[in-house]
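New to this one? Take a look at the chain below, and then we'll walk through it piece by piece.

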Amino acid sequence: MSRLMRKVAGCAAAIMLVAGLVEAQQAPSPAAAIADLYRPFTAPPGDRTRADIAWPATTAALPAPIPGIGRAASSEEIAGWDIAVRGDGHNLPPGSGTAKAGEELYVTHCAACHGDFGEGLERWPALMGGRGSLRSDQPKRSIGSFWQHAPSVFDYIRRAMPYAAPQSLSNDEYYAITAYVLYLNELIGEDDKMDAASLSTLAMPNRDGFVLEARPDTENNACMSNCRQGRAVNVTMDSRRFVQPGSGSGTDKPE
């Protein structure tokens, strides 16, 4: 091979090497690719500890379907599953109810597990009480003390209750039961009507009690050895102290 040809070949190899390096630098890591797929927008600055503070709309398209696997869901099929209610009340259904109307419904469908007044029975959790206890050494996490948004209470009750037949009641009945649970926590009056508008504006006691963790997202690499990397690990709280037997928390065993 002549000297000229060797120079040309060397230049071509150098160009290919540089191009490969540039491409490698631009290619996202596997973790970044996963983040881009499931987080198609950048969270705006500011307080994001409450679900009733608006997030930007998702503009990225969903991943393309894999040819030959499955089919697109119809609008009717999607509507059957799309019942999630956000903390700001988005997607709350039509309907309304009061605590007075919900008392009998609660006794029929809920009291066997949660007690006539939401006090909890055996291993079933209490729904009321505990206001102001979260900063104590005996925190009691109930709807009145812990839950952040009233629409979320409706969402959970409709989605998961009654325990033996979830989603079996009407929207009016779920609004009434939600109203009764809020009434047990002294958050509304007996005759106050709960609907999409009133639930969305009801300020729960622990509305501002959540904080964002300062730790960053990490890649999903399992650690099998030398995980501490020389750092000390201290256990600062025993989880069994959260709920003591006989504390009236709705459970008879430490959690």
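## A pocket and its lining

Let's start with an open space in this predicted model. The lining of the second largest pocket is a mix by class: six nonpolar residues, six polar ones and three charged ones. The space in this pocket comes to about 340 Å³. In all, 15 residues line the second largest pocket, and L134, R135, S145, N206 and G209 are the ones closest to its centre.

How is a space like this found at all? Rolling a probe the size of a water molecule over the atoms shows where empty space is left.

## The overall build

Stepping back, what is the chain built from? Its secondary structure comes to eight helices and zero strands. Read from the N terminus on, the elements go α-α-α-α-α-α-α-α.

How do parts of the chain that sit apart in sequence meet? Take the contacts between residues at least 6 apart in sequence: 59% of them join residues at least 24 apart.

## Inside and outside

The chain has 255 residues, and buried ones make up 25% of them. As for the outside, the accessible surface of the chain comes to about 17,900 Å². Carbon and sulfur atoms account for 57% of that surface.

## Salt bridges

How many salt bridges does the count come to? The count is four. Here are some of them, one at a time.

R71 and E77 meet through their side chains, with 2.7 Å from N to O. R71 counts as exposed because its relative accessible area is 64%, over the 50% cut-off. Its partner E77 is partly exposed, at 36% relative accessibility. Another salt bridge joins R86 to D88, where the closest N and O atoms are 2.9 Å apart. Here R86 is partly exposed at 45% relative accessibility, and D88 is partly exposed too, at 24%.

## A link between distant parts

Which parts of the chain does the salt bridge between D191 and K100 bring together? The side chains of D191 and K100 meet at 3.2 Å, N to O. This pair links distant parts of the chain, with their positions 91 residues apart: D191 is in the loop between α7 (171–184) and α8 (196–201), while K100 is in helix α4 (residues 99–109).

Are the two partners exposed or partly exposed? D191 counts as exposed, at 53% relative accessibility. K100, with a relative accessible area of 47%, is partly exposed.

Terms used: Residues numbered from 1 in each chain as written. Predicted model: local features only at pLDDT ≥ 70, side-chain atom pairs only at ≥ 80, totals over all residues. Heavy atoms only, no water. 1 Å grid on protein atoms, 1.4 Å probe; cavity = no way out; pocket = protein on both sides within 12 Å on 5 of 7 lines; lining within 4 Å. Points joined across faces, edges and corners; volume = space filled by probe spheres on them. Nonpolar A, V, L, I, M, F, W, Y, C, P; charged D, E, K, R; others polar. Helix = DSSP H or I, 4+ residues; strand = E, 2+ residues; numbered from the N terminus. Buried < 20%, exposed > 50% of the residue type's maximum accessible area, 1.4 Å probe, protein only. Contact = heavy atoms within 4.5 Å. Areas by Shrake-Rupley, 256 points an atom, 1.4 Å probe, with all protein chains shown as cover.
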